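Welcome! Here are some short exercises to work through with the model open in your viewer. Try each task before you read its solution.

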Amino acid sequence: MLAMDYRGPYRVRVKDKPIPRIEHPRDAIVRVTRSCICGSDLHLYHGMVPDTRVGMTFGHEFCGIVEEVGAEVTNLKAGDHVLVPFNIACGQCHFCQQGLFGNCHESNPQATAVGGIYGYSHTAGGYDGGQAEYARVPYADFGATVIPDWMDPDDAVLLTDVVPTGYQAAEMGGIQKGDTVVVFGAGPVGLMAARSAWLFGAGRVIVFDHIDYRLEFARTFGPAEVYNFKEVDDVVVFMKKTTDGLGADVAIDAVGGDAAGNALQWLFGTKLKLEAGNAIALHWAINSVKKGGIVSIVGVYGPTGNMVPIGNVVNKGLTLRANQASVKRLLPRLIDHVKAGHINPKAMITHRVPLEDVADAYHMFSAKLDGCIKPVLIPNAA
Ligand SMILES: [Zn+2]
Ligand SMILES: [Zn+2]
C-alpha cells in the first residue's frame, strides 16, 4: 500500500509499505478514506518532537471503511465507515475509567504521561498512522466510532482531533457567561476553540496570530475580534488596555512549542533546542489573563523544560489546565453540535490532496502557502 514515510526534518515521501494486519483480537484494519495533516504533524516534520523515527507513517486524524476486525471486536463489521479518535485508548484502565482517554495507561509503554497516539513520535507509543491506504486500529471496539449516516465524512474526519481539541480547550477554560476569552493561534484548533468559546457562554472572543489569511478566516468562523501580534507593540499591554486594565478571564494557548514571535524564545527553544521549543504563546497567555483567571493549554509542548513564568502563575493566583483532548468522551456532544449546525468543521478544509502528493501537501501546510488552513489527504481508492 502507499503510505507517508518520514525521512527526517522537512523530508517526507510516499512509499510502498506492507498492508497492516490484525495483531491483537481487539484490532481492526481500516481502509482510509480521508486523512488530515495536523499542526502537530508539522512539529514532527520540523524535527521538534523527541524520538521521531525515520520510517514512521504519520497521521492521527483519519476516517475510513472497516476492512477486517479481530475476534473480540463485536460492535464493528467490515464495511462500516468509522472515524478514529487520535487517542489510542483501551477504555478500561484506571485513567480511561475517569474519561481521561488521552492518558490511557495501557496504550503507551514508552511513557506514563500521554497515552498512545497514531502516527506520532515513539514518545506516544510509536504507532503508525493513517496517512496511508490502510491503518491498524488497536482497541477498535472502544475507539473507532461509526459515522452517523447523515454526517459528511469531511466533518467526521475533523472530529478525530481538531474539533474536540478546540472544544476541550474552551471547556478547560471554565468559561462563565459573558467572559472575555483570548485564543492564541488561529490554526484549526484555535479556530475551533474560538467557535466553542461561544457555546460555553463567552461574551467576547479575541484571537491572535500573525498570518493574516487565518485571522480573516477566524473573524467570520469564530466569529472573533482578530489581531496580528506583529502589528501590536506588546500583546500583554494590548490585552490589558482592551479589558479595562484587568486582562482576559480565560486565555487559551492553541500554539504550543512551535511558535513564531519573540527572538529570544526562538533562539533558546527552536534554534539551540535548550528548551522544548518556543513557549511565547504560553507566556502571553499567563501574562494577559486576569488575576485569578484560567489558562487552558492544548498547544503541543515537548516533555522537557520551558522558560515559563511560573512566578506570575503563583502571584496572580492562576489556574493552569492542560491535556490532550479526550476525544471519545466529547464525541456524543460534538456530534450533536454538528447536527444542530452549531459548528461547521468542514469549512476549515481548504485543500484536498491525493495521498501520493503528501510531500507537496506538507510543504504547502508548513510554509502556509495558498491560504492553507486544513489539508486532507485522499488515497486513490477512496
Ligand atoms: Zn491533530
Ligand atoms: Zn486505558
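The exercises below go from the overall fold to metal sites, packing and backbone geometry.

This is a predicted model, in which local features need pLDDT of at least 70 and side-chain atom pairs count only at pLDDT 80 or more, while totals for chains, interfaces and linings use all residues. Residues are numbered from 1 along each chain as its sequence is written, chains are lettered from A and ligands numbered from 1 in the order in which they are written, and side-chain values use heavy atoms, with hydrogens and water left out.

**Exercise 1. Overall fold**

Task: describe the dimensions and the secondary structure of the protein.

Solution. Start with the elements: the protein has 11 helices and 17 strands. These are DSSP runs numbered from the N terminus, with helices being H or I of at least four residues and strands E of at least two.

Next, take the extent: the C-alpha trace spans about 60 × 45 × 40 Å along its principal axes. The radius of gyration is 20 Å, which agrees with the value near 21 Å for a compact globule of 382 residues. That radius is taken over C-alpha atoms, and the globule rule is 2.2 Å times the number of residues to the power 0.38.

Now look at burial: 59% of the 382 residues are buried. Buried means under 20% relative accessible area, exposed over 50%, and partly exposed in between, using a 1.4 Å probe and protein chains only.

Finally, turn to contacts (heavy atoms within 4.5 Å). Among those with a separation of 6 or more, 72% come from residues 24 or more positions apart.

**Exercise 2. Two zinc sites**

Task: find which protein atoms are the donors of the zinc ion (ligand 1), and which coordinate the zinc ion (ligand 2).

Solution. Donors are N, O and S atoms within 2.8 Å of the metal (3.2 Å for Na, K and Ca); water is not among the atoms, so sites may look incomplete.

For ligand 1, the donors are C38 (SG), H60 (NE2), E61 (OE) and D161 (OD), at 1.8 to 2.2 Å. Their angles run from 93 to 134 degrees, and the site is tetrahedral. Four donors count as tetrahedral if all angles lie between 85 and 135 degrees. Along the chain, the spacing reads C-x21-H-E-x99-D. H60 sits in the loop between helix 1 (39-45) and strand 4 (62-69), and D161 in the loop between helix 2 (153-158) and helix 3 (162-172), so this pair ties together parts that are 101 residues apart in sequence. H60 is buried at 1% relative accessibility, and D161 is buried at 6%.

For ligand 2, coordination comes from C90 (SG), C93 (SG), C96 (SG) and C104 (SG), at 2.3 to 2.4 Å. The angles of 103 to 117 degrees make the arrangement tetrahedral. The spacing here is C-x2-C-x2-C-x7-C. Both C93 and C104 are buried.

**Exercise 3. Packing**

Task: identify which residues touch the most other members of the largest nonpolar core, and which residues of helix 5 are buried.

Solution. A nonpolar core is a set of buried Ala, Val, Leu, Ile, Met, Phe, Trp, Tyr and Cys residues joined through side-chain atoms within 4.5 Å. The largest has 75 residues, of which L159, V207, M348 and Y362 touch the most other members. Beyond its neighbours within four places in sequence, L159 contacts L83, M151, P164, V327, L331, L334, I335 and V338. Another core of 25 residues lies apart from the largest one, with I206, M239, A251 and A281 among its members.

In helix 5 (residues 212-221), the buried residues are R214, L215, F217, A218 and F221. Seen down the helix axis, they fall within an arc of 160 degrees (taken from the directions from the axis to the C-beta atoms), so they line one face of the helix. Their packing partners are helix 4 (188-199), strand 11 (204-209), strand 12 (225-228) and helix 11 (358-366).

**Exercise 4. Backbone geometry**

Task: locate the cis peptide bond and give the phi of Y10 and of K368.

Solution. As background, most residues other than glycine have a negative phi, and most peptide bonds are trans.

The cis bond joins G222 and P223, with omega about -15 degrees. P223 is in the loop between helix 5 and strand 12.

Y10 has a positive phi of about 65 degrees and lies in the loop between strand 1 (2-8) and strand 2 (11-16). K368 has a positive phi of about 55 degrees and belongs to the loop between helix 11 and strand 17 (374-378). K368 is partly exposed, at 27% relative accessible area.

Definitions and conventions: Tetrahedral: all angles 85-135°; square planar, octahedral: opposite > 155°, others 65-115°.
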